[in-house]
Amino acid sequence: MPARNRTLIFYLALTLLVILGAAALAAPRIAPYRPTAQNLEARFASPGADHFLGTDNFGRDVYSRIIHGARSALLVGIVAVTIAVTLGSLVGLTAALAGRLIDAGLMLLMDSLLSFPTVLLAISVVSFLGYGLLQVMLAIGVIYSPVFARLVRAEALAIKTEGYVEAAYALGGSTWKVVRRHIIPNLLGKVIVQCSITFALAVVIEASLSYLGLGTQPPTPSWGLMLKDARNYLAQAPWMAFYPGLALALTVLCFNIIGDTLAEKINPRLNGN
Amino acid sequence: MKRTLFQKMLIILMLPALLAGSLLLFGCKEEPRVLNFALSGNPDTLDPHKTSGTLTFQTLKSLYDTLVEPDTQGRIVPALAESWEVSADALTWTFHLRPGVRFHNGDELTSEDVKATFERIKSEAVASPNAGEFASLTAMETPDPATVMLRLSEPYAPLLATLASGWGAILPAGLIASGHDFGSLPVGTGPYSLSEWVRDSKIVLTRNEDYWMKGYPKLDTVVMNIITERAVQVQGLLTGELDISYLIDKEDLPQLEENPDVKIERSLTALIMVMAMNCSDPLLSDLRVRQAINHAVDKQTVLDVAYGGGQVIGTFMDSGNAYYKDFSGLYPYDPDRARALLAEAGAQAAELQMVLPQNYEPHVKAGELYQEMLTRVGLDVKIKLVDWSTWISDVYRGGKYQLTVIGHTGKLDPDGTLRGYGTESRYVRWVNPETAGIIDRARETSGFEARKALYDQALEIMAREVPFLFLGSSYRYVGLRKQVTGFRMTPKLDTFDFRWTEFE
C-alpha cells in the first residue's frame with residue numbers, strides 16, 4: 001500500500017477516535033434520551049425518526065446507549081492502560097537496573113502472569129474482587145502490565161549499554177537522572193505504540209466481561225452489555241446487536257491502525273512488509 | 001466392471017420387488033412408538049435418596065412410584081397406596097397397598113418394601129438431603145404384606161406431600177438389603193424401566209409391560225436427550241429431531257408458531273416471583289417504604305417483559321395453589337401514592353442497593369425494570385450483580401442485602417412454602433410472631449378446610465405487611481410436535497409424566 005494511503009487511513013482512524021472521544025465527553029448533552037430511560041410501549045422499535053438506531057428490549061434508545069457506552073469503553077481503556085504502563089514500567093526498570101536476583105524474580109512473576117490466557121485471568125481477578133467497572137479496570141491493568149514490563153526491561157537493558165549512557169554515568173550522573181534523561185525518552189516511542197494496542201485489547205476485554213455479566217453493572221450502558229441483551233433477540237431486533245458491535249469493532253480497528261502506523265514510523269525496518 | 005445386458009435387466013426388474021418388499025415389512029411390523037424428549041442437563045445420580053437435584057427427580061418420575069401422588073391440580077391422589085386413613089390423634093397413618101404391583105426385577109411390592117425404603121432415607125449412612133421431612137416418623141409397622149402403618153411423634157400435616165414427592169419413591173427391600181447401586185441402576189415400579197444412561201448424552205426408558213395402570217404407558221420408548229442449550233432444543237423441535245422441549249422462552253414463540261408441525265402449550269408454573277425486601281434494614285423496616293415500593297411497580301408489565309407473562313399475585317403463594325387467596329388489589333400500581341408514602345416516611349431520594357443473581361437472566365431483567373420504576377418515584381436504586389453461590393451465602397443465608405429479586409418454587413404442601421416466615425430465620429428478616437404462630441399451628445392441623453382458614457390469615461398479614469413485593473406466577477411454555485398428546489407436568493414438583501403421552 002502506498003505510504004500516502006496509509007497516512008490517510010491513519011488520520012481517518014485518528015479523526016474517528018477524536019469524534020468518539022468528543023461524543024463520549026458530551027454524551028449527556030448530545031444523547032437524545034437518558035440512556036437508562038425505559039419506554040415499555042416502544043420496545044424493539046426499528047431504527048427511524050424517533051429512535052435513530054432503534055430501541056432495545058426495554059424500549060431504551062440504542063443510539064443514546066452507544067454514546068454513553070463509549071464512556072465506559074474509553075474510561076476502561078484509559079485507566080487500565082495507565083495502570084498497566086505505570087506498573088509495567090516500574091517493574092521493567094527495576095528489573096533492568098537492579099541486580100540479577102531481583103531481575104530474575106520479577107521476570108518470573110511477570111512471565112507467570114503472561115502464561116495465563118488473558119480472559120481467563122481477567123475472569124478470575126474479577127471473581128475475586130467482585131463485579132464492577134472499577135474491578136475490571138484494575139484487572140485489565142494488572143494483566144497487561146507484564147507486556148510493558150518486558151518491553152521496558154528489554155529496551156532499558158539495551159540502552160543501558162549504549163555509549164552515551166555509560167558516558168552519563170562516568171560524568172557522575174545518578175541512576176535516577178540517567179533513567180529520566182536518557183532511558184525514558186528513548187523508551188517513549190515503543191511504549192506509546194504498545195499503549196495503543198493495549199487500549200484496543202482493554203476495550204475488547206471490558207466488552208467481553210460485561211457480556212458475561214462480570215463487568216459494567218446494568219443498567220449502565222456498555223457495549224458488551226448491549227450485545228449480551230441483544231443475543232436473545234437477534235432475529236427480532238438485529239439493530240440491538242449490529243450497532244454496538246459496529247461501534248466496538250470500529251474503535252478497536254482505529255486503535256490498531258494507529259498502533260501499527262506508529263510502530264512503522266518508529267521502527268523503519270517494519271516498512272515495506 | 002462391465003455388466004451384461006441380462007444383469008442390467010435383472011437389476012431393473014428387482015428394484016420394484018425390493019421396494020414392495022420393504023413396504024410389506026413396514027406394514028407387518030408396527031413401528032415402535034419412540035418419543036424424543038429434551039432434558040436440560042445430566043442428573044447427578046439416579047438415587048432418589050441421595051440428591052435434591054431436580055433433574056434426578058424429573059427422570060425418576062418415570063421409573064418409580066410413590067405411595068400417593070399429586071394430580072395435575074396438585075391434589076394428592078392414590079398411587080401405590082389404594083387408600084389410607086389417619087388416627088384421631090393424627091399420629092398414626094395407615095396405608096393400604098395396591099395388590100399385584102411388581103418391581104422391574106420381578107419382586108412383588110409389599111409393606112416390607114415401604115418400611116425398608118423409609119428406613120433407608122432416614123439412615124445416617126445414606127445422609128439424604130430430604131431426611132428432615134421424615135424426622136417426625138418414629139416407627140413403622142407391617143401387620144400384613146398389604147398394610148403399612150406410619151407412627152409420628154407429633155401431628156404433621158405435610159406428610160402426604162412428602163410421600164408424594166420424588167424422594168418418597170419406593171425401592172425394593174431385597175435390593176436395599178444387598179446394597180444395590182440405585183444411583184446408576186434404578187429399580188422401581190414405575191411406568192418405564194431404565195435401559196440405558198449414556199452420561200451427558202441420553203437416558204433411554206423402556207415401557208414397563210406389567211405396569212399397574214392397565215393400558216398405560218402408551219409409548220414403547222422415551223429417549224431423554226440431554227441438551228443444555230435452549231437454542232439447540234428449539235432447533236431440534238423445529239426439525240423434528242425432538243418431540244417435546246419444555247424450555248421454551250417467550251422470545252422463541254414467534255419462530256415456533258410459524259412452523260405448522262409444532263404446537264405450544266402454555267401452563268402456569270408454581271413459581272412465586274418476588275422482590276424481597278430486607279425488613280431489618282432501617283429504611284425498609286418502615287412499612288410505608290415497603291408499601292411505596294409495591295405501589296411503584298407495574299406488576300403485570302414486569303411479568304410480561306421479564307418472565308414471559310403470568311398471573312399477578314398479592315401474597316406469598318403461587319396463584320395456581322389451592323391455598324392461594326387473592327390479595328393483589330391491596331397495592332395497585334399508583335406512582336403518585338408511592339411518592340406520597342415516601343414523603344410521609346421521609347424517604348424521598350433514599351438510596352437502595354438491589355442485589356441480583358447474575359446467572360438468572362429473567363431476574364436480572366426484572367431487576368432492571370424495578371430499578372427504573374423505583375427511580376421514577378424518586379428512589380435511587382443501584383444494581384449489584386453477584387454469582388449464584390454468593391447470592392446463596394450472602395443474601396439468602398446471610399441476609400446481607402437491601403433488595404433482591406428471585407423466584408420461590410411453590411411446594412406441594414403450603415408448609416413447605418411458608419415455614420419459618422415471621423421469624424428472623426428467613427432472609428427477609430420480617431419478624432411477626434402472630435404469623436409465625438399461625439404457620440406452626442397449621443402444620444399440626446389436619447383437614448384442608450381447617451388449614452386453609454389458618455393459611456388465609458397468615459397470607460393476609462403477609463399481603464398487608466409486604467415483606468416482599470409479590471409479583472406473580474409466570475407461565476411455562478412447552479413446545480411439542482403437533483401429533484404429541486397427553487404430556488403432563490406436575491408444576492409443584494417440576495416433573496414430567498409420560499404415562500398418558502402418545503402420538504395421534
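Here is a quick tour of the cores, the chain contact and one sheet in this structure. It's a predicted model, so to speak of local features takes pLDDT of at least 70, side-chain atom pairs count only at pLDDT 80 or more, and totals for chains, interfaces and linings use all residues. Residues are numbered from 1 along each chain as its sequence is written, with chains lettered from A and ligands numbered from 1 in the order in which they are written.

**Nonpolar cores**
- The largest nonpolar core (buried Ala, Val, Leu, Ile, Met, Phe, Trp, Tyr and Cys joined through C-beta atoms within 7 Å) has 139 residues, and I140(A) and V274(B) are among those touching the most other members.
- Buried means that 20 or more other C-beta atoms lie within 10 Å of a residue's own, with C-beta atoms placed from the backbone.
- Helix α3 (residues 62–97) of chain A gives this core its largest share, 17 residues.
- A second, separate core of 64 residues includes L67(B) and F496(B).

**Where the chains meet**
- 13 residues of chain A are in contact (C-beta atoms, placed from the backbone, within 7 Å) with 12 residues of chain B.
- Chain A's side of that contact has 7 nonpolar, 6 polar and no charged residues.

**A sheet in chain B**
- Four strands form an open antiparallel sheet in the order β4-β5-β7-β6; strands are DSSP runs of E, at least two residues, and pairing takes at least two bridges.
- β4 (81–86) and β6 (137–144) of chain B each have a single partner strand, so one side of each lacks a neighbour in the sheet.
- β6(B) and β7 (residues 147–152) of chain B pair over 5 bridges, and D144(B) stands opposite T147(B).

Technical notes. Buried ≥ 20, exposed ≤ 12 C-beta atoms within 10 Å, placed from the backbone. Contact = placed C-beta atoms within 7 Å. Nonpolar A, V, L, I, M, F, W, Y, C, P; charged D, E, K, R; others polar.
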